Amino acid sequence: MIYFDNASTSFPKPVEVIQGVQSLMENSSGNAMRTTSTEKTDIVFEIRKKIAKLFNVKFPTSIVFTSNSTESLNTIIEGYLKPGDHVVSSAIEHNSVVRPLVRLHKERNIALSWVPVNEFGLINPNDVIEAITEKTTLVIINHASNVTGTIQDVESIGEQLQAYPDVKFLIDASQTAGHIPIDNQRIKADFIAFTGHKALLGISGVGGYYINPEIKIRPLKVGGTGVLSELLVQPEGMPLHYESGTLNTIGIGALFYGINYIDKFGIENISKELIEKTAQVIERLGSFSEVKIYSQKNASGIVSFNIDGIIPSRLSTFLSEDANISTRSGLMCAPFIHEFINTNPFGCVRISMSHFTTQKEIDTFVDYIAKVIHNLPEIRNINIPKVYSNPSIYDFNEEGA
């Protein structure tokens, strides 16, 4: 199988990660912040330090572990926003941001402003700043589109937001953590949500977020923390305030080995590789007039496209069943962006490559696309199905009503 769906979950995992997880399962005992575990012996604290270094943030205790980016984003959005607040976000956001915001729009009268993007999913930072009102309390930006791979200029947004001290900044680093350097001394984000099973090369079921230690939010859940059991309320200390119950120590441990692997090659080198791979695919697909490409070269490893006359889900099926190439198609849990890249209502086909993607795999993929185009008159869609209309950012007015 040729695996081109790394933006969903990375595969294969490095041997070091597989062996490390096996070792943890065979040899680890006890529970983080329980039994005999201490900061000096707890692998979880060691991984907090690694992630703090990865994001260039000062305090490892500002790293909170969750099950994935979705839980991280929900925790921050639910825990920070209050009735009547105003949020600025963008048309490239994943449903892990869109759905919590829309729910709070209905339940807490949260006003929403969605910033448009260009035909490749790029945000103009000035549009974000211009959307801020006196009621704005939070700006949420997807660091890289999971549809087009376009990486946003979050440093410019973060710098301009310094003029608005009451507005906090959340970035969704699901597609970038592990692919590109993330220096929060330059970005100045108050929250960074990440997941472990994508470019950090970990296993499913682990993620987390960075939280500015000067900010306090309402925890998504409360309960056992292993210490201060005499308190009937959630302990205030970091990260205990946000981590109740038994953590996924095996999943968190996998990040130790995944980040070690990334450090061995250098994240800058991984970025360079992916830029070169996406540039090559875009150039080669661009030689076919029947192919419409929605990506520019990028360090996310993503190239999205369509072939004229073929519904994307059908093309993904061809790729899977005829060529054993795994891709993703459709709206990809990001409903708004397709209005701007002109892929409504069916979305597009996405390939997402990794450090492990080989030249032979790229060649096989492009050769198969050439085969499809050669036979296009026979395989074009005969009947285009009717579908409901897709949502639009313009369903919301400036105040989100």
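Where is the place of Asn 342 in the chain? Asn 342 sits in the loop between β12 and β13, and we will come back to that loop below. Welcome to this structure, which is a predicted model. Its secondary structure comes to 12 helices and 13 strands, and 57% of the 401 residues in the chain are buried.

**The chain as a whole**

- For 401 residues, a compact globule would have a radius of gyration near 21 Å, and the chain agrees with that at 22 Å.
- If you follow the C-alpha trace along its principal axes, you will find that it spans about 75 × 55 × 35 Å.
- Among contacts with a separation of 6 or more, 72% join residues that are 24 or more positions apart.
- The accessible surface of the chain comes to about 17,700 Å², and carbon and sulfur atoms hold 52% of it.
- There are 34 positive and 43 negative side chains, and the centres of these two sets lie 4 Å apart.

**The loop between β12 and β13**

- This loop runs between β12 (328-330) and β13 (348-352), and Pro 345 lies in it.
- The peptide bond that joins Asn 344 and Pro 345 is cis, with omega at about 0°.
- Asn 342 has a positive phi of about 60° although it is not a glycine.
- Asn 342 is exposed, with a relative accessible area of 65%.
- Cys 333 lies in the loop between β12 and β13 too, and its phi is near 60°, a positive value in a residue other than glycine.
- Cys 333 is partly exposed, since its relative accessible area is 34%, a value that falls between the 20% limit for buried and the 50% limit for exposed.

**Another cis proline**

- Look next at the loop between β1 (2-3) and α1 (15-27), where you will find Pro 12.
- The peptide bond from Phe 11 to Pro 12 is cis, with omega near 0°.

**Helix α6 and its buried side**

- Helix α6 covers residues 154-161, and its buried residues are Val 154, Ile 157, Gly 158 and Leu 161.
- These buried residues lie on the same side of α6, because they cover an arc of only 95° around the axis.
- In general, an α-helix has 3.6 residues a turn, so residues three or four places apart point the same way.
- What do the buried residues of α6 pack against? Their partners are two helices and two strands by name: α5 (125-130), α7 (184-187), β5 (136-142) and β6 (168-172).

**Two buried residues in other helices**

- Ser 271 belongs to helix α9, which covers residues 267-285.
- With a relative accessible area of 9%, Ser 271 is buried.
- Leaving aside neighbours within four places in sequence, Ser 271 is in contact with His 179, Ile 180, Pro 181 and Ala 299.
- Ile 373 is part of helix α11, residues 359-374.
- Ile 373 is buried as well, with a relative accessible area of 11%.
- Not counting residues up to four places away in sequence, Ile 373 touches Phe 288, Glu 290, Val 291 and Ile 307.
- How many residues apart in sequence are Ile 373 and Ser 289? They are 84 residues apart in sequence, and in space they are 9.5 Å apart from C-alpha to C-alpha.

Terms used: Residues are numbered from 1 along each chain as its sequence is written. This is a predicted model: local features need pLDDT of at least 70, side-chain atom pairs count only at pLDDT 80 or more; totals for chains, interfaces and linings use all residues. Side-chain values use heavy atoms; hydrogens and water are left out. Buried means under 20% relative accessible area, exposed over 50%, partly exposed in between (1.4 Å probe, protein chains only). Helices (H or I, at least four residues) and strands (E, at least two) are DSSP runs, numbered from the N terminus. The arc is that of the directions from the helix axis to the C-beta atoms. Contact means heavy atoms within 4.5 Å. The radius of gyration is taken over C-alpha atoms; the globule rule is 2.2 Å times the number of residues to the power 0.38. Accessible areas come from the Shrake-Rupley method with a 1.4 Å probe; for residues, only the protein chains shown count as cover. Lys and Arg count as positive and Asp and Glu as negative; His and the chain ends are not counted. The place of a charge is taken as NZ of Lys, CZ of Arg, CG of Asp or CD of Glu.
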